[in-house]
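Good morning, colleagues. I should like to take you through some cysteines and two helix packings; please look at the sequence and the structure first.

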Amino acid sequence: NAPSQTLLKVCTSSRRMPGPAATDSPDAPGTRAVATPGRAAPETILAVTFTRRAAAEMRDRLAALALRHGRANLGMAHIDTLHAVAYAFWTQSDGQAPVLLSEEAAKRLFAEVNPEFRGARLTSAWQDLSLSRETLTPLPVYPGSGEALAAENYARQKAAWNLVDFTDLLEFWLEKIKVGSFQSPFRHILVDEVQDLSPLQLAVLEGLARFPEVSVFAIGDPNQSIYGFRGAASDMAGRLGRLWPDLATVSLTDNYRSAASILGLAAGLFPAAPPLSPRRREDAPGYGEIQLFAAPTAAAEISWIGERIRKLLGGTSLTLTKDLGAQTLSPGDIAVLVRFKALIPAIRRSLDRLGIPCSAPEADAFFAEPRIKILLDAAARLLGMAGSEDAAPLNCPDRILAKGPLGLSAYLGDIPPFDRLFWQSPAFKQLCRAFDEHGGWGGLLSFVSTQSELELVGRAAEKVRIMSLHAAKGLEFSAVFLPALEDGILPFAGTGLLTGNAQGGQDAPDADEERRLFYVGLTRARDRLFLSHAAKRELFGRLVMLKPSRFFEELDLSGVKRSALVARKVSQEKQLGLLTP
């Protein structure tokens, strides 16, 4: 099941320093032969993935291989995210697990200990601090800004309450590697999605690779680098080449996911990149179908999406099971991918009205239930974390909170907004199980902090998934819908311009990264691709009228089936009766 990554580099161990593998430019040097070492002990292997969900899938596949070949010890290999391995090392070193802050909770804590920062100034200061840590660059200090002091206040409060954010985990691990306090058991390091590593993450891996006789293997695609806003390193190929000059490069140009027409369309975004060769069978139902719809309004666009999905599912809610003898899909074969989450609710409401089973993965998690949020917010405050401004305060003694969810149910009973039905609901039962599984509120809150949309998208197998383009990274679907392809949305112009609080595009993402994000969306589709845009839509409480995305000018639309719904102004004449009042 080869992915759509285009380039790969590999390197085996050397006597002094190993060379990793990564993506590179199209004019990368050719492949050289690499000697295959003997079998490695599983516990000496570290495989780093982008999400824990992907790591779990890899462990499952490895377990199946081990069972098939009778090698039970294969399960001893370390397969996880870099942050998860760092968290385990912190826990081992400190003797207890820290409470891990989600990105949202970390920003709230930063705001709480720096009350002078508000609004745009708070957002800017937080982004500057986060990027400086991930990119290993000095914090930008402006005259009179107080950002350096704000960073100290934040760090001091975390230490006082034994709280850590995701960056703390890697900073701690890197420091221990540098001073020699971490004796690495890893002799073989494998890295997925290498193009999305931040300089801090790369420094950790480079530190691990400094141990004697370590080999590094990495895979990635420069055309799918979409996390620059989180500090992902630019020119990853150049960085790796400077670290390890003896890289061996293998280009992957065979694509086993998408139909030839979909690959051809996406290639227009990167005309200088090596073309991908489709290896899919062409007899799949709907193979290579691409449609482009121009709608007068967002409502008309959403209606078009709903009708197309109904046809793909067989037309009625009574035929939502997959019929191998018909050209229909199951709901889990379909995804609607959007540039940002504000576009999701309207699409979901429309599909719900049509009786189409659908899921917005992050919104469907048990901890997204409003009353669960209240309980978790109270637990966070108990542990010294800044509470959410949106959560209603919970009037409950700390001694009751400390007893966990069951203690809360006995104490709160029918006190609004709680009732007996809630205490018997699946969401509350999941909360109780998670509390027990993770050893109390601290472990539970750390678990919730790791459950981003990226982790949750793979769990709703028999529902149409509605998610952001970023969350769809690494996934694939038989049919993909990409709505709202308008200038200002994709490429994104920034929330300031869309909300009317114009900031001159200050918060607009990099245009090249937006192109790569569009490429990711296009190449999630295996057989069918549905593109659409609307002349006007409601966004953030205001009506916006945007032109179709400029990216359409770069695509070859000659083989695309195009359709449009034109809005017509209808005037109605009133016929007067013979008798008038």
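A residue is called buried when its relative accessible area is under 20%. Please bear in mind that this is a predicted model. Cys 396 has a relative accessibility of 11% and therefore counts as buried. Cys 432, at 15%, falls under the cut-off as well, so Cys 432 is also buried. As for disulfides, a search of the whole structure finds zero.

I turn now to helix packing. Two packed helices are described by the angle between their axes and the distance between the axes.

The first pair is α2, residues 82-94, and α6, residues 166-179, which pack at about 65° with axes 9 Å apart. Angles of 65 to 115 degrees count as roughly perpendicular, and α2 and α6 are therefore placed in that class. Their crossing is left-handed. On the α2 side, the contact includes Leu 82, Val 85, Phe 89 and Trp 90; on the α6 side, Phe 166, Leu 169, Phe 172 and Trp 173 are among the residues met. The residues of this contact comprise eleven nonpolar, two polar and two charged.

The second pair is α10, residues 298-313, and α11, residues 344-353, with an angle of about 45° and axes 10 Å apart. That angle makes α10 oblique to α11. Here the crossing is right-handed. Ile 302, Gly 306 and Ile 309 of α10 make the contact with Ala 346, Ile 347, Ser 350 and Leu 351 of α11. Which classes do the residues of the contact of α10 with α11 divide into? Five are nonpolar and two are polar, with no charged residue.

Key
Residues are numbered from 1 along each chain as its sequence is written. This is a predicted model: local features need pLDDT of at least 70, side-chain atom pairs count only at pLDDT 80 or more; totals for chains, interfaces and linings use all residues. Side-chain values use heavy atoms; hydrogens and water are left out. Axes are lines fitted to C-alpha atoms, for helices over the stretch in contact, and angles run from 0 to 180 degrees between N-to-C directions. Helices (H or I, at least four residues) and strands (E, at least two) are DSSP runs, numbered from the N terminus. Angles under 35 degrees count as roughly parallel, over 145 as roughly antiparallel, 65 to 115 as roughly perpendicular and the rest as oblique. A crossing is left-handed if the near helix is turned anticlockwise from the far one by less than a right angle, and right-handed if clockwise. Contact means heavy atoms within 4.5 Å. Ala, Val, Leu, Ile, Met, Phe, Trp, Tyr, Cys and Pro count as nonpolar, Asp, Glu, Lys and Arg as charged, and the others, Gly among them, as polar. A disulfide is a pair of cysteine sulfur atoms within 2.5 Å. Buried means under 20% relative accessible area, exposed over 50%, partly exposed in between (1.4 Å probe, protein chains only).
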